[in-house]
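Colleague: Could you walk me through this structure and show me how to read its features one by one?
Modeller: Gladly. Let's put it on the screen and begin with a single residue.

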Amino acid sequence: MASLYRKFRPDSFSSVIGQEHVTQTLINQLQTGRIGHAYLFTGSRGVGKTTCARIFARAINCLSPIDGSPCGKCEACRALSVPNMDILEIDAASNNGVDDAREIREKVNYPPVHGKYKVYIIDEVHMLTGNAFNALLKTLEEPPSHAVFILATTEAHKLPATILSRCMRFDFRLVSVEEISALLCKVYDAEGKRYDLDAIKYIAAAAEGSVRDSLSIADMCISFSGEKLTYEQVLLSLGGVDKSKIRGLFSAIASADCGKCFDAINELAISGKSMGLIAKELTFYARDLLLLKTAPRLVVETDEHIAMMKEDITTSTTDFLTTVVTLFSSIEAELRYSLSPRIVLETACLRACKLAITDLAAVEERIARLEKKVAQGVVASEARAEAPTAPTIGVRMTAPMAWGKVISYFRMNESARLQTLVGNHSDVEVKGNDFIIWCGENYLEFCNQSTLDALGRAFAANGIGYKIKVDKRAEADKDKELERLKQMVGRDVKINVVK
(Lines give C-alpha, C1' and ligand atoms only; values in the text may rest on other atoms or scores of the structure.)
Protein backbone atom coordinates (compact mmCIF):
# COMPACT_ATOMS: atom_id res chain seq x y z
CA MET A 1 0.00 0.00 0.00
CA ALA A 2 1.37 3.41 -1.01
CA SER A 3 2.10 6.07 1.56
CA LEU A 4 -0.53 8.74 1.95
CA TYR A 5 1.71 11.50 0.59
CA ARG A 6 2.27 9.43 -2.57
CA LYS A 7 -1.30 8.23 -2.89
CA PHE A 8 -2.77 11.74 -2.53
CA ARG A 9 -0.12 13.66 -4.48
CA PRO A 10 -1.98 16.29 -6.58
CA ASP A 11 -2.24 15.66 -10.31
CA SER A 12 -3.76 19.05 -11.20
CA PHE A 13 -3.22 22.64 -10.13
CA SER A 14 -6.71 22.78 -8.59
CA SER A 15 -5.75 20.14 -6.02
CA VAL A 16 -2.56 21.95 -4.90
CA ILE A 17 -3.29 23.76 -1.63
CA GLY A 18 -1.79 26.95 -0.29
CA GLN A 19 0.09 28.01 -3.45
CA GLU A 20 -2.54 29.88 -5.43
CA HIS A 21 -0.10 32.70 -6.25
CA VAL A 22 2.09 30.14 -8.06
CA THR A 23 -0.52 27.91 -9.68
CA GLN A 24 -2.58 30.80 -11.05
CA THR A 25 0.48 32.37 -12.70
CA LEU A 26 1.46 29.07 -14.30
CA ILE A 27 -2.11 28.52 -15.53
CA ASN A 28 -2.18 32.01 -17.09
CA GLN A 29 1.12 31.36 -18.86
CA LEU A 30 -0.21 28.12 -20.25
CA GLN A 31 -3.45 29.68 -21.46
CA THR A 32 -1.70 32.63 -23.12
CA GLY A 33 1.12 30.54 -24.56
CA ARG A 34 3.82 32.59 -22.80
CA ILE A 35 5.90 29.64 -21.62
CA GLY A 36 9.26 30.57 -20.14
CA HIS A 37 12.47 28.68 -20.70
CA ALA A 38 13.70 28.58 -17.05
CA TYR A 39 11.82 28.54 -13.75
CA LEU A 40 13.03 28.54 -10.15
CA PHE A 41 10.75 27.00 -7.53
CA THR A 42 11.99 27.77 -4.02
CA GLY A 43 10.48 27.20 -0.60
CA SER A 44 10.45 24.94 2.44
CA ARG A 45 10.26 21.16 2.22
CA GLY A 46 6.98 19.47 1.37
CA VAL A 47 5.08 22.53 0.12
CA GLY A 48 4.59 21.40 -3.50
CA LYS A 49 7.64 22.48 -5.53
CA THR A 50 8.29 19.17 -7.30
CA THR A 51 4.57 18.43 -7.55
CA CYS A 52 3.88 21.72 -9.34
CA ALA A 53 6.89 21.14 -11.59
CA ARG A 54 5.52 17.74 -12.65
CA ILE A 55 2.01 19.10 -13.25
CA PHE A 56 3.37 22.02 -15.30
CA ALA A 57 5.64 19.73 -17.32
CA ARG A 58 2.67 17.55 -18.30
CA ALA A 59 0.31 20.51 -18.79
CA ILE A 60 2.50 22.26 -21.39
CA ASN A 61 2.61 18.98 -23.36
CA CYS A 62 -1.09 18.15 -22.96
CA LEU A 63 -3.11 18.27 -26.18
CA SER A 64 -6.31 19.49 -24.48
CA PRO A 65 -5.57 20.95 -21.00
CA ILE A 66 -8.50 21.54 -18.65
CA ASP A 67 -8.35 24.87 -16.75
CA GLY A 68 -4.57 24.89 -17.19
CA SER A 69 -4.08 21.35 -15.87
CA PRO A 70 -3.32 18.21 -17.89
CA CYS A 71 -6.42 16.31 -18.92
CA GLY A 72 -4.86 12.92 -18.21
CA LYS A 73 -6.70 11.32 -21.13
CA CYS A 74 -4.97 12.44 -24.31
CA GLU A 75 -2.18 10.54 -25.99
CA ALA A 76 0.54 12.85 -24.62
CA CYS A 77 -0.77 12.66 -21.04
CA ARG A 78 -0.88 8.87 -21.16
CA ALA A 79 2.64 8.69 -22.56
CA LEU A 80 4.01 11.14 -19.97
CA SER A 81 2.29 9.47 -17.00
CA VAL A 82 5.05 6.82 -16.90
CA PRO A 83 8.85 7.28 -16.97
CA ASN A 84 9.74 8.80 -20.33
CA MET A 85 12.39 10.79 -22.18
CA ASP A 86 10.47 14.08 -22.34
CA ILE A 87 10.22 14.83 -18.61
CA LEU A 88 13.57 14.21 -16.93
CA GLU A 89 13.92 14.54 -13.17
CA ILE A 90 17.50 14.97 -11.99
CA ASP A 91 18.59 14.81 -8.36
CA ALA A 92 21.32 17.42 -8.08
CA ALA A 93 22.28 16.14 -4.63
CA SER A 94 23.80 12.99 -6.17
CA ASN A 95 24.42 14.27 -9.72
CA ASN A 96 26.16 17.52 -8.90
CA GLY A 97 29.39 17.33 -10.88
CA VAL A 98 30.50 19.19 -13.98
CA ASP A 99 30.21 16.00 -16.05
CA ASP A 100 26.51 15.71 -15.17
CA ALA A 101 25.93 19.31 -16.28
CA ARG A 102 27.79 18.67 -19.53
CA GLU A 103 25.60 15.62 -20.19
CA ILE A 104 22.50 17.81 -19.87
CA ARG A 105 24.03 20.37 -22.22
CA GLU A 106 24.77 17.69 -24.84
CA LYS A 107 21.35 15.97 -24.70
CA VAL A 108 19.16 19.10 -24.48
CA ASN A 109 19.34 19.56 -28.26
CA TYR A 110 17.48 16.29 -28.91
CA PRO A 111 13.78 17.06 -29.63
CA PRO A 112 10.95 15.64 -27.47
CA VAL A 113 9.42 12.29 -28.38
CA HIS A 114 5.78 12.55 -27.26
CA GLY A 115 4.98 16.23 -26.65
CA LYS A 116 5.95 19.73 -27.63
CA TYR A 117 8.44 20.43 -24.84
CA LYS A 118 11.30 18.57 -23.23
CA VAL A 119 11.33 19.47 -19.53
CA TYR A 120 14.30 19.13 -17.16
CA ILE A 121 13.32 19.17 -13.46
CA ILE A 122 16.50 19.60 -11.40
CA ASP A 123 15.72 19.02 -7.71
CA GLU A 124 17.93 20.38 -4.89
CA VAL A 125 19.74 22.45 -7.52
CA HIS A 126 21.72 24.33 -4.85
CA MET A 127 23.83 21.17 -4.43
CA LEU A 128 25.50 21.64 -7.84
CA THR A 129 29.16 22.58 -7.70
CA GLY A 130 30.47 25.88 -8.99
CA ASN A 131 31.90 24.26 -12.11
CA ALA A 132 28.59 22.50 -12.77
CA PHE A 133 26.73 25.82 -12.60
CA ASN A 134 29.22 27.34 -15.03
CA ALA A 135 28.78 24.43 -17.44
CA LEU A 136 24.98 24.80 -17.27
CA LEU A 137 24.92 28.58 -17.48
CA LYS A 138 24.97 29.08 -21.26
CA THR A 139 22.41 26.35 -21.89
CA LEU A 140 20.13 27.82 -19.22
CA GLU A 141 20.38 31.25 -20.78
CA GLU A 142 19.66 30.22 -24.38
CA PRO A 143 18.21 26.71 -24.50
CA PRO A 144 16.56 25.23 -27.63
CA SER A 145 12.97 26.33 -28.16
CA HIS A 146 11.68 22.91 -27.13
CA ALA A 147 13.54 22.85 -23.76
CA VAL A 148 12.19 24.07 -20.42
CA PHE A 149 14.21 24.01 -17.19
CA ILE A 150 12.56 23.90 -13.75
CA LEU A 151 15.00 24.28 -10.87
CA ALA A 152 13.73 23.35 -7.40
CA THR A 153 15.54 24.20 -4.17
CA THR A 154 15.01 24.87 -0.48
CA GLU A 155 18.01 27.23 -0.34
CA ALA A 156 17.82 29.72 -3.16
CA HIS A 157 20.43 31.97 -1.52
CA LYS A 158 23.10 29.39 -2.40
CA LEU A 159 22.52 29.78 -6.13
CA PRO A 160 24.86 32.08 -8.10
CA ALA A 161 23.39 35.41 -9.15
CA THR A 162 24.06 34.49 -12.79
CA ILE A 163 21.64 31.55 -12.45
CA LEU A 164 19.01 33.50 -10.52
CA SER A 165 18.94 36.28 -13.13
CA ARG A 166 18.06 33.82 -15.87
CA CYS A 167 15.11 32.18 -14.10
CA MET A 168 11.52 33.16 -13.41
CA ARG A 169 11.34 32.79 -9.63
CA PHE A 170 8.36 31.46 -7.65
CA ASP A 171 8.49 31.42 -3.86
CA PHE A 172 6.35 28.69 -2.30
CA ARG A 173 4.99 29.59 1.11
CA LEU A 174 4.30 27.43 4.14
CA VAL A 175 0.73 26.13 4.18
CA SER A 176 -1.57 27.30 6.97
CA VAL A 177 -2.88 24.98 9.68
CA GLU A 178 -6.46 25.50 8.48
CA GLU A 179 -5.64 24.40 4.92
CA ILE A 180 -3.68 21.36 6.09
CA SER A 181 -6.49 20.42 8.51
CA ALA A 182 -9.05 20.55 5.70
CA LEU A 183 -6.82 18.35 3.53
CA LEU A 184 -6.32 15.80 6.34
CA CYS A 185 -10.07 15.58 6.88
CA LYS A 186 -10.55 14.78 3.18
CA VAL A 187 -7.77 12.19 3.26
CA TYR A 188 -9.15 10.43 6.36
CA ASP A 189 -12.66 10.52 4.93
CA ALA A 190 -11.38 8.91 1.73
CA GLU A 191 -9.57 6.26 3.79
CA GLY A 192 -12.69 5.61 5.92
CA LYS A 193 -10.91 6.65 9.12
CA ARG A 194 -12.83 8.27 11.99
CA TYR A 195 -11.10 11.11 13.83
CA ASP A 196 -11.41 13.92 16.36
CA LEU A 197 -10.92 17.48 15.13
CA ASP A 198 -8.47 18.10 18.00
CA ALA A 199 -6.28 15.31 16.66
CA ILE A 200 -6.41 16.73 13.12
CA LYS A 201 -5.40 20.21 14.29
CA TYR A 202 -2.51 18.84 16.33
CA ILE A 203 -1.17 16.92 13.32
CA ALA A 204 -1.54 20.00 11.11
CA ALA A 205 0.30 22.17 13.63
CA ALA A 206 3.06 19.56 14.10
CA ALA A 207 3.74 19.60 10.34
CA GLU A 208 4.82 23.26 10.61
CA GLY A 209 3.50 24.21 7.19
CA SER A 210 4.67 21.14 5.25
CA VAL A 211 1.90 19.20 3.50
CA ARG A 212 4.10 16.16 2.94
CA ASP A 213 5.08 16.06 6.62
CA SER A 214 1.43 16.27 7.65
CA LEU A 215 0.52 13.31 5.44
CA SER A 216 3.48 11.30 6.76
CA ILE A 217 2.37 12.00 10.34
CA ALA A 218 -1.23 11.17 9.46
CA ASP A 219 -0.07 7.87 7.94
CA MET A 220 1.79 6.98 11.14
CA CYS A 221 -1.18 7.88 13.30
CA ILE A 222 -3.46 5.61 11.27
CA SER A 223 -1.19 2.68 12.06
CA PHE A 224 -1.05 3.58 15.75
CA SER A 225 -4.70 4.34 16.47
CA GLY A 226 -7.72 2.10 16.83
CA GLU A 227 -11.10 2.61 15.24
CA LYS A 228 -11.04 6.33 15.88
CA LEU A 229 -8.07 8.69 15.98
CA THR A 230 -8.11 10.71 19.21
CA TYR A 231 -6.06 13.62 20.51
CA GLU A 232 -4.43 11.43 23.17
CA GLN A 233 -3.39 8.85 20.59
CA VAL A 234 -1.75 11.53 18.45
CA LEU A 235 0.17 12.78 21.50
CA LEU A 236 1.41 9.27 22.24
CA SER A 237 2.26 8.62 18.61
CA LEU A 238 4.28 11.83 18.20
CA GLY A 239 5.67 11.93 21.72
CA GLY A 240 4.00 15.31 22.27
CA VAL A 241 3.25 17.04 25.56
CA ASP A 242 -0.27 17.52 26.89
CA LYS A 243 -1.28 21.19 26.94
CA SER A 244 -2.59 20.90 30.48
CA LYS A 245 0.84 19.84 31.78
CA ILE A 246 2.58 22.66 29.94
CA ARG A 247 0.00 25.02 31.35
CA GLY A 248 0.81 23.74 34.84
CA LEU A 249 4.51 24.53 34.32
CA PHE A 250 3.70 27.98 32.94
CA SER A 251 1.36 28.75 35.84
CA ALA A 252 4.14 27.80 38.29
CA ILE A 253 6.50 30.21 36.51
CA ALA A 254 3.92 33.01 36.38
CA SER A 255 3.24 32.64 40.11
CA ALA A 256 6.99 32.44 40.86
CA ASP A 257 6.52 29.07 42.59
CA CYS A 258 9.93 27.41 42.18
CA GLY A 259 8.83 24.22 43.94
CA LYS A 260 5.96 23.66 41.51
CA CYS A 261 8.33 24.32 38.60
CA PHE A 262 10.62 21.51 39.74
CA ASP A 263 7.64 19.21 40.30
CA ALA A 264 6.21 19.93 36.82
CA ILE A 265 9.57 19.35 35.10
CA ASN A 266 10.09 16.13 37.06
CA GLU A 267 6.64 14.84 36.06
CA LEU A 268 7.31 15.56 32.38
CA ALA A 269 10.79 14.01 32.57
CA ILE A 270 9.40 10.82 34.15
CA SER A 271 6.91 10.52 31.29
CA GLY A 272 9.86 10.46 28.87
CA LYS A 273 9.70 13.99 27.46
CA SER A 274 13.00 15.56 26.45
CA MET A 275 14.04 18.88 27.94
CA GLY A 276 14.25 20.40 24.47
CA LEU A 277 10.65 19.41 23.73
CA ILE A 278 9.45 20.84 27.06
CA ALA A 279 11.21 24.16 26.36
CA LYS A 280 9.78 24.23 22.83
CA GLU A 281 6.22 23.54 23.97
CA LEU A 282 6.53 26.12 26.75
CA THR A 283 7.71 28.69 24.21
CA PHE A 284 4.77 27.91 21.92
CA TYR A 285 2.33 28.13 24.84
CA ALA A 286 3.63 31.56 25.90
CA ARG A 287 3.51 32.66 22.26
CA ASP A 288 -0.11 31.50 21.95
CA LEU A 289 -0.95 33.46 25.10
CA LEU A 290 0.74 36.51 23.60
CA LEU A 291 -1.26 36.11 20.38
CA LEU A 292 -4.48 35.59 22.31
CA LYS A 293 -3.76 38.80 24.21
CA THR A 294 -2.79 40.94 21.21
CA ALA A 295 -4.13 39.26 18.04
CA PRO A 296 -6.69 36.55 18.97
CA ARG A 297 -7.68 35.94 15.35
CA LEU A 298 -4.26 34.32 14.73
CA VAL A 299 -4.64 31.66 17.43
CA VAL A 300 -5.28 28.20 15.98
CA GLU A 301 -6.50 26.07 18.88
CA THR A 302 -9.60 24.22 19.97
CA ASP A 303 -12.28 26.07 21.93
CA GLU A 304 -11.37 24.09 25.03
CA HIS A 305 -7.71 25.12 24.89
CA ILE A 306 -8.59 28.74 24.15
CA ALA A 307 -10.88 28.84 27.20
CA MET A 308 -8.00 27.42 29.25
CA MET A 309 -5.55 30.03 27.95
CA LYS A 310 -7.93 32.92 28.63
CA GLU A 311 -7.58 32.18 32.33
CA ASP A 312 -3.79 32.63 32.08
CA ILE A 313 -3.65 35.84 30.07
CA THR A 314 -5.43 37.77 32.83
CA THR A 315 -2.42 37.23 35.13
CA SER A 316 0.36 37.67 32.53
CA THR A 317 1.46 40.94 30.98
CA THR A 318 2.62 41.36 27.40
CA ASP A 319 6.15 42.22 28.56
CA PHE A 320 6.35 39.10 30.73
CA LEU A 321 5.10 36.81 27.95
CA THR A 322 7.54 38.35 25.47
CA THR A 323 10.41 37.81 27.90
CA VAL A 324 9.40 34.18 28.51
CA VAL A 325 9.28 33.48 24.75
CA THR A 326 12.71 35.08 24.29
CA LEU A 327 14.21 33.27 27.28
CA PHE A 328 13.11 29.73 26.42
CA SER A 329 13.70 30.03 22.68
CA SER A 330 17.28 31.21 23.35
CA ILE A 331 18.28 28.06 25.28
CA GLU A 332 17.61 25.66 22.39
CA ALA A 333 21.26 25.36 21.39
CA GLU A 334 22.37 25.14 25.01
CA LEU A 335 19.93 22.29 25.64
CA ARG A 336 21.10 20.47 22.54
CA TYR A 337 24.79 20.45 23.46
CA SER A 338 24.65 20.48 27.26
CA LEU A 339 25.70 17.45 29.29
CA SER A 340 22.90 18.23 31.77
CA PRO A 341 19.95 19.64 29.78
CA ARG A 342 17.59 19.23 32.74
CA ILE A 343 19.70 21.62 34.83
CA VAL A 344 19.69 24.11 31.96
CA LEU A 345 15.88 23.98 31.74
CA GLU A 346 15.43 24.20 35.52
CA THR A 347 17.75 27.20 35.69
CA ALA A 348 15.82 28.91 32.89
CA CYS A 349 12.57 28.31 34.79
CA LEU A 350 14.04 29.86 37.93
CA ARG A 351 15.15 32.90 35.94
CA ALA A 352 11.64 33.17 34.53
CA CYS A 353 10.24 32.98 38.08
CA LYS A 354 12.45 35.91 39.06
CA LEU A 355 11.11 37.85 36.06
CA ALA A 356 7.58 37.16 37.26
CA ILE A 357 8.42 38.78 40.60
CA THR A 358 10.27 41.83 39.28
CA ASP A 359 8.06 42.52 36.27
CA LEU A 360 6.95 46.11 36.96
CA ALA A 361 3.98 45.81 34.63
CA ALA A 362 2.82 42.75 36.56
CA VAL A 363 3.18 44.67 39.82
CA GLU A 364 1.06 47.49 38.39
CA GLU A 365 -1.63 45.01 37.36
CA ARG A 366 -1.67 43.46 40.82
CA ILE A 367 -1.99 46.88 42.42
CA ALA A 368 -4.86 47.72 40.07
CA ARG A 369 -6.64 44.48 40.98
CA LEU A 370 -6.13 45.19 44.68
CA GLU A 371 -7.55 48.69 44.31
CA LYS A 372 -10.56 47.24 42.51
CA LYS A 373 -11.10 44.68 45.29
CA VAL A 374 -10.79 47.35 47.99
CA ALA A 375 -13.35 49.44 46.13
CA GLN A 376 -15.66 46.44 46.15
CA GLY A 377 -15.26 46.00 49.89
CA VAL A 378 -12.73 43.18 50.03
CA VAL A 379 -11.17 42.84 53.49
CA ALA A 380 -7.77 44.40 54.05
CA SER A 381 -6.18 41.10 55.07
CA GLU A 382 -6.87 39.62 51.62
CA ALA A 383 -5.44 42.69 49.95
CA ARG A 384 -2.28 42.43 52.04
CA ALA A 385 -1.94 38.77 51.09
CA GLU A 386 -1.94 39.63 47.38
CA ALA A 387 0.21 42.76 47.64
CA PRO A 388 3.40 42.76 45.51
CA THR A 389 6.62 41.80 47.24
CA ALA A 390 8.93 43.95 45.14
CA PRO A 391 11.03 46.37 47.25
CA THR A 392 10.04 50.04 47.23
CA ILE A 393 11.87 53.25 48.12
CA GLY A 394 11.71 54.00 51.84
CA VAL A 395 11.85 50.38 53.01
CA ARG A 396 13.03 49.82 56.62
CA MET A 397 15.92 47.46 57.30
CA THR A 398 18.36 46.65 60.10
CA ALA A 399 21.37 48.86 60.72
CA PRO A 400 24.00 46.29 59.55
CA MET A 401 22.03 45.59 56.35
CA ALA A 402 21.66 49.28 55.56
CA TRP A 403 25.31 50.03 56.35
CA GLY A 404 26.47 47.13 54.16
CA LYS A 405 24.55 48.58 51.20
CA VAL A 406 26.06 52.02 51.91
CA ILE A 407 29.58 50.59 51.95
CA SER A 408 28.95 48.80 48.63
CA TYR A 409 27.63 52.01 47.11
CA PHE A 410 30.69 53.99 48.24
CA ARG A 411 33.07 51.40 46.77
CA MET A 412 31.41 51.74 43.38
CA ASN A 413 30.66 55.46 43.23
CA GLU A 414 32.68 57.60 45.66
CA SER A 415 36.27 58.74 46.10
CA ALA A 416 39.01 56.69 47.77
CA ARG A 417 38.95 58.94 50.88
CA LEU A 418 35.23 58.40 51.40
CA GLN A 419 35.56 54.67 50.66
CA THR A 420 38.18 54.39 53.42
CA LEU A 421 36.18 56.51 55.87
CA VAL A 422 32.96 54.54 55.46
CA GLY A 423 34.58 51.13 54.94
CA ASN A 424 36.55 51.29 58.20
CA HIS A 425 33.52 52.30 60.25
CA SER A 426 30.92 49.89 61.64
CA ASP A 427 29.44 51.55 64.74
CA VAL A 428 25.89 52.30 63.56
CA GLU A 429 22.46 52.03 65.15
CA VAL A 430 18.79 52.52 64.25
CA LYS A 431 16.49 54.33 66.67
CA GLY A 432 13.00 54.88 65.36
CA ASN A 433 13.35 56.79 62.10
CA ASP A 434 16.96 57.85 62.81
CA PHE A 435 20.05 56.12 61.49
CA ILE A 436 22.80 57.10 63.95
CA ILE A 437 26.48 56.95 63.01
CA TRP A 438 28.45 56.82 66.27
CA CYS A 439 31.87 58.39 65.85
CA GLY A 440 35.05 58.89 67.78
CA GLU A 441 38.06 60.59 66.32
CA ASN A 442 36.51 60.66 62.83
CA TYR A 443 33.45 62.56 64.10
CA LEU A 444 34.29 65.76 62.20
CA GLU A 445 35.00 63.88 59.00
CA PHE A 446 31.49 62.41 59.06
CA CYS A 447 30.04 65.85 59.75
CA ASN A 448 31.73 67.23 56.66
CA GLN A 449 29.08 68.39 54.17
CA SER A 450 30.57 66.41 51.27
CA THR A 451 30.43 63.23 53.37
CA LEU A 452 26.85 63.91 54.40
CA ASP A 453 25.84 64.55 50.79
CA ALA A 454 27.48 61.28 49.72
CA LEU A 455 25.67 59.43 52.54
CA GLY A 456 22.39 60.94 51.39
CA ARG A 457 23.01 59.72 47.84
CA ALA A 458 23.85 56.22 49.08
CA PHE A 459 20.70 56.05 51.23
CA ALA A 460 18.50 57.25 48.38
CA ALA A 461 20.07 54.88 45.84
CA ASN A 462 19.40 51.87 48.09
CA GLY A 463 15.90 52.90 49.18
CA ILE A 464 16.93 53.42 52.82
CA GLY A 465 14.30 55.64 54.42
CA TYR A 466 16.02 56.63 57.68
CA LYS A 467 17.19 60.11 58.63
CA ILE A 468 20.96 60.40 58.97
CA LYS A 469 22.38 61.54 62.32
CA VAL A 470 25.99 61.74 63.48
CA ASP A 471 26.91 61.56 67.18
CA LYS A 472 29.76 60.64 69.55
CA ARG A 473 29.76 57.80 72.01
CA ALA A 474 31.99 59.57 74.54
CA GLU A 475 30.99 62.83 76.27
CA ALA A 476 32.93 65.84 74.90
CA ASP A 477 33.05 69.60 75.19
CA LYS A 478 30.26 70.48 72.75
CA ASP A 479 31.25 74.12 72.48
CA LYS A 480 34.77 73.20 71.51
CA GLU A 481 33.55 70.64 69.00
CA LEU A 482 31.08 73.15 67.57
CA GLU A 483 33.80 75.72 67.11
CA ARG A 484 36.09 73.21 65.37
CA LEU A 485 33.23 72.07 63.14
CA LYS A 486 32.29 75.66 62.32
CA GLN A 487 35.85 76.40 61.21
CA MET A 488 35.86 73.28 59.02
CA VAL A 489 32.59 73.79 57.15
CA GLY A 490 32.52 77.58 57.31
CA ARG A 491 29.06 77.91 58.81
CA ASP A 492 27.02 77.25 61.97
CA VAL A 493 26.17 73.60 62.56
CA LYS A 494 24.30 71.45 65.04
CA ILE A 495 25.85 68.20 66.17
CA ASN A 496 22.81 66.01 66.91
CA VAL A 497 20.56 67.22 64.09
CA VAL A 498 22.39 66.73 60.85
CA LYS A 499 20.42 66.40 57.59
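Colleague: Where does glutamine 19 lie?
Modeller: Glutamine 19 belongs to the loop that links helix H1 (4-7) and helix H2 (20-32). Keep in mind throughout that this is a predicted model.

Colleague: Is glutamine 19 buried or exposed?
Modeller: Glutamine 19 is classed as buried, because its relative accessibility is 0% and the cut-off for buried is under 20%.

Colleague: Which residues does glutamine 19 touch, not counting residues up to four places away in sequence?
Modeller: With those set aside, glutamine 19 touches Val47, Phe172, Arg173 and Val175. One of these numbers, 172, is also the last residue of strand E5 (168-172), which brings us to a sheet.

Colleague: How should I read a sheet in general?
Modeller: Look at how the strands pair: they do so through backbone hydrogen bonds, in either a parallel or an antiparallel sense. Here, five strands make an open sheet, ordered E2-E3-E4-E1-E5, with parallel pairing. At the edges are strand E2 (87-91) and strand E5 (168-172), each of which pairs on one side only. On average, neighbouring strands of this sheet are turned by 15° against each other, direction ignored.

Colleague: How many bridges pair strand E3 with strand E4?
Modeller: Six bridges, in the parallel sense, pair strand E3 (residues 118-123) with strand E4 (residues 147-153). As an example to find on screen, lysine 118 has alanine 147 in E4 as its bridge partner.

Colleague: Which strands do helices H2 and H5 lie across?
Modeller: H2 lies across strand E1 (38-43) and E5, and its direction is at about 145° to E5. Helix H5 (residues 98-107) lies across E2, E3 and E4, at about 170° to E3.

Colleague: What about the sheet with the order E8-E9-E10?
Modeller: That one is an open sheet of three strands, and its pairing is mixed. Its edge strands, each pairing on one side only, are strand E8 (428-431) and strand E10 (467-472). From one strand to the next, the twist averages 30°.

Colleague: How do I see the mixed pairing?
Modeller: Take the two pairs in turn. E8 and strand E9 (residues 434-439) run antiparallel and are joined by four bridges, whereas E9 and E10 pair in the parallel sense over six bridges. Between E8 and E9, glutamate 429 has isoleucine 436 as its bridge partner, and valine 430 has phenylalanine 435. On the other side, cysteine 439 stands opposite lysine 472 in E10. E8 and E9 also form a hairpin with two residues between them, and glycine 432 in the turn has a positive phi of about 65°.

Colleague: Why is E9 described as largely enclosed by the rest of the structure?
Modeller: Because six of its six residues are buried. Asp434, Ile436 and Trp438 point one way from E9, while Phe435, Ile437 and Cys439 point the other way, and all are buried.

Colleague: Which strands of the E8-E9-E10 sheet does H24 touch?
Modeller: H24 packs on the sheet and touches E9 and E10, with its direction at about 135° to that of E10. Helix H24 spans residues 449-461 and contains alanine 458. This alanine 458 counts as buried because its relative accessibility is 0%. Leaving aside neighbours within four places in sequence, alanine 458 is in contact with Val406, Tyr409 and Phe410. Between the C-alpha atoms of alanine 458 and glutamate 414, which are 44 residues apart along the chain, the separation is 9.6 Å.

Colleague: And how do I describe two helices packed together?
Modeller: Two packed helices are described by the angle between their axes and the distance between the axes. In this model, the axes of helix H12 (residues 243-254) and helix H16 (residues 318-329) come within 12 Å and cross at roughly 115°. Their crossing is right-handed. Phe250, Ile253 and Ala254 in H12 meet Phe320, Leu321 and Phe328 in H16. The residues of this contact are six nonpolar, no polar and no charged.

Colleague: To finish, what does the protein chain look like in overall numbers?
Modeller: The protein chain has 25 helices and 10 strands. Of its 499 residues, 44% count as buried. Among contacts between residues at least 6 apart in sequence, 72% join residues at least 24 apart. The chain exposes about 26,200 Å², and carbon and sulfur atoms supply 52% of it.

Terms used. Residues are numbered from 1 along each chain as its sequence is written. This is a predicted model: local features need pLDDT of at least 70, side-chain atom pairs count only at pLDDT 80 or more; totals for chains, interfaces and linings use all residues. Side-chain values use heavy atoms; hydrogens and water are left out. Buried means under 20% relative accessible area, exposed over 50%, partly exposed in between (1.4 Å probe, protein chains only). Contact means heavy atoms within 4.5 Å. Accessible areas come from the Shrake-Rupley method with a 1.4 Å probe; for residues, only the protein chains shown count as cover. Axes are lines fitted to C-alpha atoms, for helices over the stretch in contact, and angles run from 0 to 180 degrees between N-to-C directions. A crossing is left-handed if the near helix is turned anticlockwise from the far one by less than a right angle, and right-handed if clockwise. Ala, Val, Leu, Ile, Met, Phe, Trp, Tyr, Cys and Pro count as nonpolar, Asp, Glu, Lys and Arg as charged, and the others, Gly among them, as polar. Two strands pair if DSSP finds at least two bridges between them.
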